[in-house]
Amino acid sequence: MLNRHYDFMLEDTLNTEVLNYEVINGLYHYTFKDTIFYTLSGGMRKDKGTIGGNTVIDVYKKDGLIYHVLKKEIEKFVIMRVDKEDRLEKCQIHSAQHLICALFSNEYKVKTVSFQAGEKESTIEMSFQNLDRCMLNQIEEQTNKLIRENIKIEIEYPTREEALEKNKKYEEELPFDGEIRAVVIKDIDYNLCACIHVPSLGYIQSVKFLDYEKTPYGYKISFIAGQQMINYLKEHYEVFKEARKTLAIPELAIMDGINKLLEDKQNLKKEIEELKEENFSNIAKTLTGNRLFHIFEYDSKTLKQFCAFFNSHYDKEYIFLGKYENQLHIVFNKIGKEKFEIAKKLYGIKGGGNEFAQQGGIEYNSALVTYLEGVVNNE
C-alpha cells in the first residue's frame with residue numbers, strides 16, 4: 001500500500017509509535033506504525049530529520065518496510081520531524097523535472113532517458129536527435145511562465161484502466177493489482193510517480209538551464225531550480241565578486257580583464273621561452289669536445305628541453321644528467337644502446353629509447369654518476 005503521507009509535502013511532523021527494531025553494528029534500525037520519512041527512490045534522495053529528538057542517520061526500504069537508523073534507543077511513542085528546508089529543495093528539483101520533461105515531450109516528442117538530482121545541479125537526459133540553445137531558452141521561458149501561474153499539482157490514485165486511458169505508454173509498466181499513484185499537472189503532464197512533490201508549481205520558484213551535451217542516447221541537460229538555484233547563484237557570485245576585486249575592473253568588464261590576463265600570460269610565456277633558449281645557447285657554448293658528460297641542476301622536463309635545443313645545434317655524443325632534489329634524470333645520445341642497457345641492469349634505472357638516444361630516471365646515486373662519467377671518458 002502506498003504511503004499517503006507522501007501526498008503532502010508540507011506534512012513535516014508526525015506522532016507515531018515503534019513497531020519493531022534491531023541493533024546492527026551498534027545502531028538501532030526502527031520500523032514504525034507509519035512514517036513521513038521518504039527513502040531514496042525515483043531519483044529523489046531520502047529525507048533528513050529527527051525522531052524523538054534524535055538525528056536520523058539513514059532511511060532505507062527492505063522487504064516492504066521502511067527502516068529508520070538511529071544511534072540510540074527511543075521511547076515507544078515518538079514525534080517524527082522532517083527537515084523542512086531539505087525536503088522543499090529536493091521536491092522543487094523533482095517537480096521541476098516533471099514539468100521540464102513534460103514540456104520537452106509535448107513540444108518535441110522526445111522521451112526522458114534519465115534524471116539525476118545533484119547537490120549543486122541536476123541533469124535530465126532526453127532522446128533528442130538535435131538540440132540547441134534556442135530550443136532550451138524556449139522551454140525555459142515556458143517553464144518559468146507556468147511556475148508564475150502557480151498551477152496546482154494533483155495526486156491521484158487511478159484504476160489501471162483510468163491510467164491507461166490517460167497515457168498508453170504505461171501499458172507494459174502498470175501492475176495488474178495494487179495501488180497506482182499519478183502526479184498530474186493540469187493538462188501538461190500525467191505521470192505515474194510515488195515521490196513527494198510540491199503542492200503547486202509556484203513552490204519551485206524558478207528554473208534555469210545551465211548547459212547541455214550530446215550523449216549516446218540523446219542530450220543531457222543540466223539545470224538548477226528553487227533553493228538549488230539560490231545556492232548556486234550565491235556560490236558563483238562570491239567567486240565572481242572576488243575575481244572582480246582582484247582584477248580591479250567593473251563587473252560587466254570581467255571578460256576583458258580575463259582576456260588581458262591571458263594575453264599577458266602568453267606574452268610572458270614567449271618571453272620566458274626566449275630567455276630560456278638564450279640561456280641554453282650560452283651553456284651549450286661552454287661544452288667543448290665531441291664526447292660530453294655534464295651534470296645540470298635541471299628537473300627532467302628542463303633537461304629534455306635542453307637536450308632538444310642542443311641536438312638541433314650540435315652533432316655530439318653525450319651523457320647529460322639532470323639532478324633535481326633527490327632525483328636523477330639521464331639522457332644518452334649516440335653513446336650506444338647496449339651501454340645504456342648495462343647501466344640500467346647495474347643500477348636499476350627505469351627507462352628506454354631507440355638505437356640513437358635513451359633516457360631514464362632513478363634516485364640520485366653518486367656511484368652511478370661516477371660510473372656514467374667513466375662510460376664517456378673511457379672510450
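In this predicted model, seven strands line up in an open sheet, and the pairing between them is antiparallel. Reading across the sheet, the order is β4-β3-β7-β1-β2-β6-β5. The two edge positions go to β4 (54-55) and β5 (58-62). Each of these has a single partner strand, so one of its sides is left without a neighbour in the sheet.

Strand β7, covering residues 77-82, is a handy place to look at how the sheet is put together. On one flank, β7 runs antiparallel to strand β1 (residues 13-24), and 5 bridges join the two. On the other hand, there is also strand β3 (residues 49-51), which pairs with β7 over 3 bridges, again in the antiparallel sense. One residue of β7 turns up in both pairings: M80 is the bridge partner of L14 and also of I51. The faces of β7 are not alike, either. V78, M80 and V82 make up its covered face, whereas F77, I79 and R81 belong to the uncovered one. Moving along the sheet, β1 pairs with strand β2 (residues 27-32) as well, this time through 6 antiparallel bridges. In that pairing, V18 sits opposite F32 of β2.

Next comes the inside of the protein. In soluble globular proteins, nonpolar side chains tend to be buried together. Here, the largest nonpolar core has 57 residues, and the members touching the most others are I51, F104, F128, L201 and F223. Helix α1 (residues 84-108) supplies the largest share of this core, with 9 residues. Two of the names just listed also meet each other: with residues up to four places away in sequence set aside, F104 touches F128, along with K109, V110, M126, L136, I139, F209 and I221. There is also a second core, separate from that one, with 16 residues, I330, I335, L368 and V369 among them.

Further along the chain, strand β19 (residues 357-363) also has two faces. Q358, G360 and I362 are on the covered face, while A357, Q359, G361 and E363 are on the uncovered one. Two strands pair with β19. Strand β17 (residues 327-333) runs antiparallel to β19 and is joined to it by 7 bridges, with N333 standing opposite A357. Strand β18 (residues 350-353) is antiparallel to β19 too, through 4 bridges, and here G351 has G360 as its bridge partner. A hairpin takes the chain from β18 to β19 through 3 residues.

F356 lies in the loop between β18 and β19. Is this residue buried or exposed? Its relative accessible area is 59%, and over 50% counts as exposed, so F356 is exposed. Exposed or not, F356 still has contacts beyond its neighbours within four places in sequence, namely F332, N333 and K334. F356 and F332 are 24 residues apart along the chain, yet 8.2 Å separates their C-alpha atoms.

Nonpolar residues show up on the outside elsewhere as well. M255, I258 and L262 form a nonpolar surface patch, and together they have about 270 Å² of accessible area. I258 is located in helix α5 (residues 254-286). With a relative accessible area of 31%, I258 falls between the 20% and 50% cut-offs, so this residue is partly exposed.

Methods. Residues numbered from 1 in each chain as written. Predicted model: local features only at pLDDT ≥ 70, side-chain atom pairs only at ≥ 80, totals over all residues. Heavy atoms only, no water. Patch = residues over 30% accessible without salt bridge, like charges linked within 9 Å, V, L, I, M, F, W, Y side chains within 5 Å. Areas by Shrake-Rupley, 256 points an atom, 1.4 Å probe, with all protein chains shown as cover. Salt bridge = Lys/Arg side-chain N within 4 Å of Asp/Glu carboxyl O. Buried < 20%, exposed > 50% of the residue type's maximum accessible area, 1.4 Å probe, protein only. Pairing = 2+ DSSP bridges. Core = buried A, V, L, I, M, F, W, Y, C linked by side-chain atoms within 4.5 Å. Contact = heavy atoms within 4.5 Å.
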